[in-house]
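This report looks at how the helices of one chain are built and how they pack. The sequence and the model come first.

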Amino acid sequence: EIIYHAFDTASDPSKGLEAFKIATDEFDVFGILGCLDDLTSSTVAISSTLSRIPQISYGSQANYLTRNADEYPLFARVVPSYESEGEAISNLVETYGWDDIGVIFTGDDYGVGTSRMFRENLPEDVRVIETEFIPGTEILDAQMQ
């Protein structure tokens with residue numbers, strides 16, 4: 001018989017650790033489903049690895065979570081990484097035959113990884129103009145100059 005217990009981490013790493021501690025102290029845990037966000041997943045993954053409990057995320061897409069199996073050996077996910085999105089978008093450029101494109105991306109794991117894979121998978125004859133933005137910025141005009 002499998003019994004599940006649900007905890008709301010509210011996408012907060014400290015709440016994720018608290019939920020992990022409560023779960024492992026009170027129940028016979030053999031696996032974790034979640035977390036949704038990247039930072040909480042990575043925080044819980046470190047603790048779950050130390051306890052030898054596998055974790056499967058249904059929403060975390062950060063490249064670093066699966067890039068190096070030594071860092072998070074018991075972490076898995078059911079959604080593609082951010083880098084996979086870049087490859088898919090480059091396929092759209094090729095399919096529609098676009099020659100000149102612009103790339104606007106954030107300077108975080110999501111933006112840099114996605115845009116890198118996007119550029120690596122583009123046909124060689126596509127001309128790319130790109131601009132990187134600092135994560136969390138709201139004033140795009142200042143950064144575009």
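Helix axes here are lines fitted to C-alpha atoms over the stretch in contact, and angles run from 0 to 180 degrees between N-to-C directions. The model is a predicted one.

**Helix 1 against helix 2**

By that convention, helix 1 (residues 13–26) and helix 2 pack at about 35 degrees, with axes 8 Å apart. Their crossing is right-handed. Helix 1 brings P13, G16, L17 and F20 to the contact. Helix 2 answers with L39, T40, T43, V44, S47 and S48. The contact residues split into five nonpolar, five polar and no charged.

**Spans of two helices**

| Helix | Residues | Expected span | End C-alpha distance |
|---|---|---|---|
| Helix 1 | 14 residues | 20 Å | 20 Å |
| Helix 4 | 15 residues | 21 Å | 22 Å |

For helix 1, the distance agrees with the span expected at 1.5 Å a residue. Helix 4 (residues 82–96) also agrees with its expected span.

**Faces of helix 1**

Which residues of helix 1 are buried? They are G16, A19, F20 and A23. These residues cover an arc of only 100 degrees around the axis, which puts them on the same side of helix 1. The general rule is that an α-helix has 3.6 residues a turn, so residues three or four places apart point the same way. The cover over the buried residues of helix 1 includes strand 1 (32–33) and helix 2. The face turned away from the buried side carries D25 and E26, both exposed.

**Faces of helix 4**

In helix 4, the buried residues are Y82, E83, G86, S90 and V93. Seen down the axis, they fall within an arc of 105 degrees, so they line one face of helix 4. They pack against helix 2 (38–50), helix 3 (64–67), strand 4 (100–106) and helix 5 (109–120). On the other side of helix 4, T95 and Y96 are exposed. Just after helix 4 comes G97, with a positive phi of about 70 degrees.

**A loop residue: L74**

L74 sits in the loop between helix 3 and strand 3 (75–77). Buried means under 20% relative accessible area and exposed means over 50%. L74 has 28% relative accessibility, so it counts as partly exposed. How far apart are L74 and S48, in sequence and in space? They are 26 residues apart in sequence and 7.7 Å apart in space, C-alpha to C-alpha. Leaving out residues up to four places away in sequence, L74 touches S48, T49, R52, I53, P54 and Q55. S48 also belongs to the contact of helix 2 with helix 1.

How values were computed:
Residues are numbered from 1 along each chain as its sequence is written. This is a predicted model: local features need pLDDT of at least 70, side-chain atom pairs count only at pLDDT 80 or more; totals for chains, interfaces and linings use all residues. Side-chain values use heavy atoms; hydrogens and water are left out. Helices (H or I, at least four residues) and strands (E, at least two) are DSSP runs, numbered from the N terminus. The expected span of a helix is 1.5 Å times one less than its number of residues. Buried means under 20% relative accessible area, exposed over 50%, partly exposed in between (1.4 Å probe, protein chains only). The arc is that of the directions from the helix axis to the C-beta atoms. Contact means heavy atoms within 4.5 Å. A crossing is left-handed if the near helix is turned anticlockwise from the far one by less than a right angle, and right-handed if clockwise. Ala, Val, Leu, Ile, Met, Phe, Trp, Tyr, Cys and Pro count as nonpolar, Asp, Glu, Lys and Arg as charged, and the others, Gly among them, as polar.
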